[in-house]
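The exercises below concern a predicted model. Each one sets a task and then works through a solution step by step.

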Amino acid sequence: MNPTGTLYGVGVGPGDPELITQKAVRIIRQCPVIAAPQTGQARQVAFGIASQAVENLDQKTILALPFPMVKDAEVLSKTRDELAAMLETPLREGKDVAFLTLGDPTIYSTYWYLHQRIQQKGIPTQFIPGVPSFCAAAACLDLALVEADEPLHVLPASYAVTEEALALPGTKVLMKMGRSLEETRETLRKQGLLSRAMLVQNCGLPGERICRDWENEPLDPSYFSMIVIKEERP
């Protein structure tokens, strides 16, 4: 019986292909099958980043996995089962598969749900870390995310950001903004936090935008939007 392949969840970083790790490049090169989420811009961007770092990527077998942009638990579970089955086929044939994901595969990544399912089938899985988008955003802002005893809170803004979460001490990072950007700005304004909230869009990608004062700026509800709120220190 042939051994199964390994499923690698490969973080390609936030956008700049120079931020892909050497290990990620090695894993992508060695895998004959490349998988990427086909959700809005995500597949195009993740594949495009990897293509700039790894030669002849389009000559490999490419699996485009259609993730629906919904929150219905039943629909998501059914879709994830189907996508895991798509991955299982080449893995059972002994082929290694690299699943490309933006940023890091352990941070709000669609990959995690497939990682669990494949692992439960007794097939080897492995995370390949990537540079998180909020670290790249902090570098763009010329800012230390946290210092001294400050905690860091990473919040998914595609869900409702509560007053309690925004009141947490330390630095808040609001990720996965999407269409909730305008709503989030209004929430921050009401909480008196907008003056300390810094917006980064398309970090490391074409059209990168940094706004330190965006109270009255017209907004493009880009999926690749992030807000960093630094706590005032004496």
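**Exercise 1.** How many residues of β8 are buried, and is β8 enclosed by the rest of the structure or not? Determine also which way its side chains point and which strands pair with it.

Solution. Begin with burial, for which the cut-off is under 20% relative accessible area. Five of the five residues of β8 fall in this class, so the strand is largely enclosed by the rest of the structure. Next, separate the residues by direction: A197, L199 and Q201 point one way from β8, whereas M198 and V200 point the other way, and all are buried. This is in keeping with the rule that in a regular strand the side chains alternate between the two faces of the sheet. Finally, look at the pairing, which is antiparallel with β10 over five bridges and antiparallel with β9 over three bridges. Toward β10, M198 stands opposite V228, while toward β9 the bridge partner of L199 is C211.

**Exercise 2.** In what order do the five strands of the open sheet lie, and which of them stand at the edges? Then place the helix that packs on this sheet.

Solution. The order is β6-β7-β10-β8-β9, and the pairing is mixed. The edges are taken by β6 (152–156) and β9 (209–211), each of which has a single partner strand, so one side of each is left without a neighbour in the sheet. From one strand to the next, the twist averages 15 degrees. Within the sheet, β7 (residues 171–175) and β10 (residues 225–229) run antiparallel and are joined by three bridges, with L174 of β7 opposite I227 in β10. The helix that packs on the sheet is α7 (residues 181–190), which touches β7, β8 (197–201) and β10 and whose direction makes about 15 degrees with that of β10.

**Exercise 3.** Which residues of β4 lie on each side of the strand, and are they buried or exposed? Identify two strands that pair with β4 as well.

Solution. Strand β4 (residues 97–101) is mostly covered, five of its five residues being buried. Taking the two faces in turn, V97, F99 and T101 lie on one side and A98 and L100 on the other, so that both faces are covered, as follows from the cut-off of under 20% relative accessible area for a buried residue. Strand β1 (residues 7–11) pairs with β4 in the parallel sense over five bridges, and V10 stands opposite L100 in β4. Strand β2 (residues 33–37) also runs parallel to β4, to which three bridges join it, and in β4 the bridge partner of V33 is V97.

**Exercise 4.** Which residues of helix α1 are buried?

Solution. In α1 (residues 22–30), the buried residues are A24, V25, I27 and I28. They cover an arc of only 165 degrees around the axis, which puts them on the same side of α1. The general background is that an α-helix has 3.6 residues a turn, so residues three or four places apart point the same way.

**Exercise 5.** At what angle do α3 and α4 pack? Classify the pair and list the residues that meet.

Solution. Helix α3 (residues 73–92) and helix α4 (residues 111–120) pack at about 60 degrees, and their axes are 9 Å apart. That angle makes α3 oblique to α4, and the crossing of the two helices is right-handed. On the α3 side the contact involves S77, R80, D81, L83, A84, L87, E88 and L91, which meet Y113, L114, R117 and I118 in α4.

Terms used:
Residues numbered from 1 in each chain as written. Predicted model: local features only at pLDDT ≥ 70, side-chain atom pairs only at ≥ 80, totals over all residues. Heavy atoms only, no water. Buried < 20%, exposed > 50% of the residue type's maximum accessible area, 1.4 Å probe, protein only. Helix = DSSP H or I, 4+ residues; strand = E, 2+ residues; numbered from the N terminus. Pairing = 2+ DSSP bridges. Arc of directions from axis to C-beta. Axes fitted to C-alpha atoms, helices over the stretch in contact; angles between N-to-C directions. Parallel < 35°, antiparallel > 145°, perpendicular 65-115°, else oblique. Left-handed = near helix turned anticlockwise from the far one by under 90°. Contact = heavy atoms within 4.5 Å.
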